[in-house]
Amino acid sequence: MGLIALLIALAVLYNEKIPAGLQRDAWYSDWCSSLTYLPRGLPRLLVGLGLPVIGLDVLLRFVDGWVFGLVSLAVAVAVLLYSFGRGDVVDDIAALADDAENEDMQGVFLRAEALSGQTDAPERDVADDAALSGQVINALSYRFMEHVFAVVFWFFVLGPAAALLYRLLWLSAQAKEADLVESTDQSTAEDTDMVASDDVGENPKDNASLARNWLYWAEWLPVRALGLILAVVGNFGSCVETWLESLVSTESSPSLLGAFVSTSFTPDSADADASVGSRLATQVRSLESLFFRCALAWLVFVAVVTVSF
């Protein structure tokens, strides 16, 4: 059933737009906001992440076998569709390529920065072509990983609950201050003062920072699994060297993925007289087919393992 759910979800992802109603995150924001009675940091994050995941696992066990397993299949597909990343990777690639082709390097920089998922990324000079190209590759590589690959990876390894946990953890890591703590109305001035004093020094980013640390480790295996697949579908020798170095590396996920991609593929050739933007646009568009080959290779691997065992 897991393989069938995966095939259906990927077919929807690549051939249709995921219904917006399946990827609404307001419920999770409201849920986290309701946990202000818990101590900030670890307790709040554990409960915020743990209860929805445990609830899903209980639900899947409860409906297991209903209507020949079709109910479990429907739940698994719905969870996968919810857990896939927000937006569309293909649209992101097209938008970046269009900006580059129009020589809008500031637009390229801003899009790449937004897609990288790094709130503390170092500033880049948009006039530095090599650095900007590297940032774009890092951003799009991470975008593909968090959007599709990490979700599919954890779904295959640990099931729908793990896929949901990854997405909720990602949302927590990306959350703004208002998403993590929401003040409640108090009936007296004394109560208001107590709440204010309790929140003094409480930086909701502490929760986001903790979630980012957990997210790094949640992405450790998927990042390196994707690196190995990139070696298989691309330049094996060069990419494997980078992959072996990654086993002891503490680089961020976007940086490692960018290194894997840079050593694994040769972009489509561009006109030698073309502008910097045109060459970058050609390079960006080449990534779409590379990412599709990676998704296909992982799907073949999952199918072989499922059939074999």
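**Entry 1: a cut-off to start with**

I call a residue buried when its relative accessible area is under 20%, exposed when it is over 50%, and partly exposed in between. I opened with Arg-143, whose relative accessibility is 7%, so Arg-143 counts as buried. I noted that this is a predicted model, so every value below is computed from predicted coordinates.

Where does Arg-143 sit? I found Arg-143 in helix H7. I then listed what Arg-143 touches, leaving out residues up to four places away in sequence: Arg-86, Gly-87, Asp-88, Val-89, Asp-92 and Leu-115.

**Entry 2: Gly-87, a partner of Arg-143**

I followed one of those contacts to Gly-87. Gly-87 is in the loop between H4 and helix H5, which spans 89-101. Is Gly-87 buried or exposed? With a relative accessible area of 57%, Gly-87 is exposed; the cut-off for that word is over 50%. So a buried arginine touches an exposed glycine here.

Beyond residues up to four places away in sequence, Gly-87 touches Arg-143 and His-147. I also looked at Lys-17, which is 70 residues from Gly-87 along the chain. The C-alpha atoms of Gly-87 and Lys-17 are separated by 9.1 Å.

**Entry 3: the whole protein**

I stepped back for the totals. The protein has 15 helices and 0 strands. Of its 309 residues, 46% count as buried. The protein exposes about 15500 Å², and carbon and sulfur atoms supply 61% of that area. I also checked contacts between residues at least 6 apart in sequence: 76% of them join residues at least 24 apart.

**Entry 4: the largest nonpolar core**

Which residues touch the most other members of the largest nonpolar core? They are Phe-84, Leu-140 and Tyr-166, in a core of 88 residues. Helix H7, residues 129-158, gives the most to this core, with 16 residues.

I picked Tyr-166 for a second look. Setting aside residues up to four places away in sequence, I found Tyr-166 touching Tyr-142, Met-145, Glu-146, Ala-150, Val-151, Trp-154, Leu-215, Ala-218 and Glu-219.

**Entry 5: Val-136, back on H7**

Val-136 lies in helix H7. Its relative accessible area is 1%, so I logged Val-136 as buried. Val-136 touches Leu-96, Val-108, Ala-112 and Val-284, not counting residues up to four places away in sequence. I also looked at Gln-283, which is 147 residues from Val-136 in sequence, while their C-alpha atoms are 9.7 Å apart in space.

**Entry 6: H5 against H15**

Two of the partners of Val-136, Leu-96 and Val-284, turn up again in a helix pair, with Leu-96 in H5 and Val-284 in H15. How do H5 and H15 run relative to each other? The axes of H5 and helix H15, residues 276-308, come within 7 Å and cross at roughly 165 degrees. Angles over 145 degrees count as roughly antiparallel, so H5 and H15 are roughly antiparallel to each other. The crossing is left-handed.

I wrote down the residues that meet. H5 brings Val-90, Ile-93, Leu-96, Ala-97, Asp-98, Ala-100 and Glu-101. H15 brings Gly-277, Ser-278, Leu-280, Ala-281, Val-284, Arg-285, Glu-288 and Phe-291.

**Entry 7: H4 against H8**

I ran the same check on helix H4, residues 70-83, and helix H8, residues 160-174. Their axes come within 9 Å and cross at roughly 25 degrees. Angles under 35 degrees count as roughly parallel, so H4 and H8 are roughly parallel to each other. This crossing is left-handed.

From H4, I listed Ala-76, Val-79, Tyr-82 and Ser-83. They meet Pro-160, Ala-163, Leu-164, Arg-167, Leu-168 and Leu-171 in H8.

**Entry 8: positive phi outside glycine**

I finished with backbone angles. Phe-68 has a positive phi of about 60 degrees although it is not a glycine. Phe-68 is found in the loop between helix H3, residues 42-63, and H4. At 76% relative accessibility, Phe-68 counts as exposed.

Glu-103 also has a positive phi of about 60 degrees, and it is not a glycine. I placed Glu-103 in the loop between H5 and helix H6, residues 105-116. Glu-103 counts as partly exposed, because its relative accessibility is 38%.

Methods
Residues numbered from 1 in each chain as written. Predicted model: local features only at pLDDT ≥ 70, side-chain atom pairs only at ≥ 80, totals over all residues. Heavy atoms only, no water. Core = buried A, V, L, I, M, F, W, Y, C linked by side-chain atoms within 4.5 Å. Buried < 20%, exposed > 50% of the residue type's maximum accessible area, 1.4 Å probe, protein only. Helix = DSSP H or I, 4+ residues; strand = E, 2+ residues; numbered from the N terminus. Contact = heavy atoms within 4.5 Å. Areas by Shrake-Rupley, 256 points an atom, 1.4 Å probe, with all protein chains shown as cover. Axes fitted to C-alpha atoms, helices over the stretch in contact; angles between N-to-C directions. Parallel < 35°, antiparallel > 145°, perpendicular 65-115°, else oblique. Left-handed = near helix turned anticlockwise from the far one by under 90°.
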